[in-house]
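Welcome, and thanks for opening the viewer. Let's walk through this model one selection at a time.

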Amino acid sequence: FRQGDLAGAVGAYTRALDEDGGLFQVWSNRAACYLSMEDYGACVEDCTRALNLVDPGQTRQSRMCLRILVRRGTAHCWGG
C-alpha cells in the first residue's frame with residue numbers, strides 16, 4: 001500500500017481474508033486501498049465488515065473504529 005501498488009495490496013489483503021476473515025484490521029486496510037482506488041462501494045462494504053468485528057469496549061479498537069467510520073463516511077461522500 002505504502003509503495004503505491006494498490007492492486008497488489010488489495011490482492012494480498014484478499015488472500016489474508018481468505019485465510020481468516022475475522023481480522024478487522026485487514027478489512028480496514030483493504031478498505032483504505034479501495035478508497036485510494038476510488039472504488040467507494042467496495043470501501044463502504046469492507047468498512048462495514050470491519051466495524052462488525054470491532055470490540056468497542058477495547059480502547060485501541062474503539063480508536064480504530066473511529067478511523068473506519070471516517071473512512072466509510074468519506075467513501076459515502078465522495079461516491080455520491
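In which handedness, left or right, does α3 pass α4? Keep in mind that this is a predicted model, then select both helices and look along the place where they meet. The crossing of α3 over α4 is left-handed. Their axes come within 9 Å and cross at roughly 155 degrees. Angles over 145 degrees count as roughly antiparallel, so α3 runs roughly antiparallel to α4.

**The contact between α3 and α4.** Show side chains next. From α3, the contact is made by Tyr40, Cys43, Val44, Cys47, Thr48, Ala50, Leu51 and Leu53. The α4 residues in the contact include Gln61, Cys65, Ile68, Leu69, Arg71 and Arg72. Further names on the α4 list are Ala75, His76, Trp78 and Gly79.

**Helix α3 by itself.** Now select residues 40-53. The 14 residues of α3 should span 20 Å at 1.5 Å a residue, and the C-alpha atoms at its ends are indeed 20 Å apart. Color the buried positions: Tyr40, Ala42, Cys43, Val44, Asp46, Cys47, Ala50 and Leu51. These buried residues pack against α2 (24-36) as well as α4 (59-79).

**Gln61.** Stay with α4 and center on Gln61, which is found in that helix. Is Gln61 buried or exposed? Its relative accessible area is 16%, so Gln61 counts as buried. Leaving aside residues up to four places away in sequence, Gln61 touches Phe24, Leu53, Val54 and Asp55.

**The cysteines.** How many disulfides does the structure hold? The count is 0, and two cysteines are good places to see why. Select Cys65 and Cys47: the closest cysteine sulfur to that of Cys65 is in Cys47, 10 Å away, which is too far for a bond. Then select Cys77, whose closest cysteine sulfur, in Cys43, is 12 Å away and therefore also too far for a bond. Switch on a surface to compare their surroundings. Cys65 counts as buried because its relative accessibility is 17%, whereas Cys77 is exposed, with a relative accessible area of 63%.

**Helix α1.** For the last stop, select residues 6-19. Here α1 has 14 residues that should span 20 Å at 1.5 Å a residue, and its end C-alpha atoms are 20 Å apart, in agreement. Highlight Leu6, Ala9, Val10, Gly11 and Leu17, the buried residues of α1. Bring α2 back into view, since it is among what covers them.

Technical notes
Residues are numbered from 1 along each chain as its sequence is written. This is a predicted model: local features need pLDDT of at least 70, side-chain atom pairs count only at pLDDT 80 or more; totals for chains, interfaces and linings use all residues. Side-chain values use heavy atoms; hydrogens and water are left out. A disulfide is a pair of cysteine sulfur atoms within 2.5 Å. Buried means under 20% relative accessible area, exposed over 50%, partly exposed in between (1.4 Å probe, protein chains only). Helices (H or I, at least four residues) and strands (E, at least two) are DSSP runs, numbered from the N terminus. The expected span of a helix is 1.5 Å times one less than its number of residues. Contact means heavy atoms within 4.5 Å. Axes are lines fitted to C-alpha atoms, for helices over the stretch in contact, and angles run from 0 to 180 degrees between N-to-C directions. Angles under 35 degrees count as roughly parallel, over 145 as roughly antiparallel, 65 to 115 as roughly perpendicular and the rest as oblique. A crossing is left-handed if the near helix is turned anticlockwise from the far one by less than a right angle, and right-handed if clockwise.
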